[in-house]
Each structure stands twice: as structure tokens, then as C-alpha cells.
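This report describes the fold, the overall dimensions and the charge pairing of one protein. The sequence and the model are shown first, and the description follows.

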Amino acid sequence: MGLVRKILVWVLALCILIVPLLIAAQSPLLAWRQPVYIAAGFSGIIGLGLLFLQPLLAQGMLPMRSRREARDLHFWLGLGLIAAVLVHVAGLWITSPPDMIDALLFRAPTAFSYLGVIAMWAIFLAGGVMVLRKRVALSPIALRLIHRGLAVVIVATTIAHALLIEGTMGIISKWVLCLFASLALLKALFDIRRKQRF
């Protein structure tokens, strides 16, 4: 891949990540929100953006110096995703503990609450499996299958969670980011399937 093409790929990826944040930053809804709530919301947008990058990095589809470098970045951004979720949940807890308790206990009246909690636990489990992979008595193949299965759950529930929320994200930018996150995962799974056949 030529240098110009590599630059264009990264510019496109960064635009997909940054534009939704810029649009959300201009939302009139922010005027009535507490700083903690705003931080929680933006950490959710960042987390969704990281879900777009993660499959691409895992399968070496973004131009980097080596496949190892891409996988290392995948690992660290995975930890960043966990941190984003923790900030998201902590901020919402601070602003409305009863709502968060209802969500965590699956008593909330809104479907997006359940989906968000499922995504959260799947993210924690996926991260925990990879961090503790050397201590877990599972084969590398089993670990990869578990991680991929959890990735599907994470992306599906996070996208559904985001689309059901009417918040600061722009409608079009939210749909576009969700579309790219789903396409990135599908492309990664397709590539894995193709490599297994040959």
C-alpha cells in the first residue's frame, strides 16, 4: 500500500471517529446537562468509535508498520474501551443512581438500558479473557472463538443501545458510525472465514 493511500485510509478512519464527536459537541441538549453527564455521554461516543477500529486492527486492515503493532494497538485500545465504559457508567451513576441500579438489575423500563448493560458485561468479559489468557486453561483457538463471539455481542448490543437513545449525537452521524462499526466487524469475520477455507 502506497504512502498516499495509507494516509487517506487513516484520514477516513479519523473522520469517522471525530465527526460524531464534533457534531455532539454542538448539540443544544448540552446546555441543560451537568459536566459529569456530558463526560459520560462523550465517553460512550468514544467507546462506539473504538468498536469501529478494533476489528480492523485485529485483522491488520489498517495500515501500520507490522501486524504485531496493529495487534498491540488493538490490545491497548481494548483497555481504552473498558475505561470508556467505566467512565460512561460512573458518570451516569453519579447523575442518577436509581436509574443505574434499575439498569444493572434489568428493572429499567427502557430496552436501551438492558442492551447497554449486556454490552458492558460482554466488554468486561472479553477484556478479562484476553488479559488473563495466559492463566486461563483454554486453547488459543478456544480463546479466539470466545473473543470473537463476545465481539459480535458487543457490537450488536452497543449499536442497538446507541440507536435507541435520543441524545446529543446527530442522527445521521450516529447511524453512519454504527454502520461503519458493523461493517468493520463483518469484514473482519468474513476475512477470518475466508482464511480458514484456504
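A salt bridge is a side-chain nitrogen of Lys or Arg within 4 Å of a carboxyl oxygen of Asp or Glu. By this criterion, the side chains of Lys187 and Asp191 form a salt bridge, with an N to O distance of 2.7 Å. The model is predicted.

**Fold and dimensions**

The protein contains seven helices and zero strands, and from the N terminus on its elements run α-α-α-α-α-α-α. The radius of gyration is 17 Å, which agrees with the value near 16 Å that a compact globule of 198 residues would have. Along the principal axes, the C-alpha atoms occupy a box of roughly 55 × 45 × 25 Å.

Of the contacts between residues at least 6 apart in sequence, 68% join residues at least 24 apart. Buried residues account for 36% of the 198 residues. The exposed surface amounts to about 11,900 Å², and carbon and sulfur atoms supply 72% of this area.

**Charges and salt bridges**

The protein carries 19 positive and 6 negative charges, and the mean positions of the two sets lie 14 Å apart. Side chains of opposite charge can pair when their charged atoms come close. A search of the whole structure finds five salt bridges; three of the pairs, including the one introduced above, are described here.

| Pair | N to O distance |
|---|---|
| Arg65 and Glu69 | 2.7 Å |
| Asp102 and Arg107 | 2.9 Å |
| Lys187 and Asp191 | 2.7 Å |

In the pair of Arg65 and Glu69, Arg65 is exposed, with a relative accessible area of 76%, whereas Glu69 is partly exposed at 23%. In the pair of Asp102 and Arg107, Asp102 is partly exposed, with a relative accessible area of 24%, and Arg107 counts as exposed at 53%.

**The pair in helix α7**

How far apart are Lys187 and Asp191 along helix α7? They are four residues apart in this helix, which spans residues 171-197, and are therefore separated by about one helical turn. Is Asp191 buried or exposed? Asp191 has a relative accessibility of 6% and counts as buried, because the cut-off for burial is under 20% relative accessible area. Its partner Lys187 is partly exposed, with a relative accessible area of 39%. The pairing also extends to a third residue: Lys187, Asp191 and Arg194 are linked in a network of salt bridges.

Methods. Residues numbered from 1 in each chain as written. Predicted model: local features only at pLDDT ≥ 70, side-chain atom pairs only at ≥ 80, totals over all residues. Heavy atoms only, no water. Helix = DSSP H or I, 4+ residues; strand = E, 2+ residues; numbered from the N terminus. Rg over C-alpha atoms; globule rule 2.2 N^0.38 Å. Buried < 20%, exposed > 50% of the residue type's maximum accessible area, 1.4 Å probe, protein only. Contact = heavy atoms within 4.5 Å. Areas by Shrake-Rupley, 256 points an atom, 1.4 Å probe, with all protein chains shown as cover. Lys, Arg positive; Asp, Glu negative; His and termini not counted. Charge placed at Lys NZ, Arg CZ, Asp CG, Glu CD.
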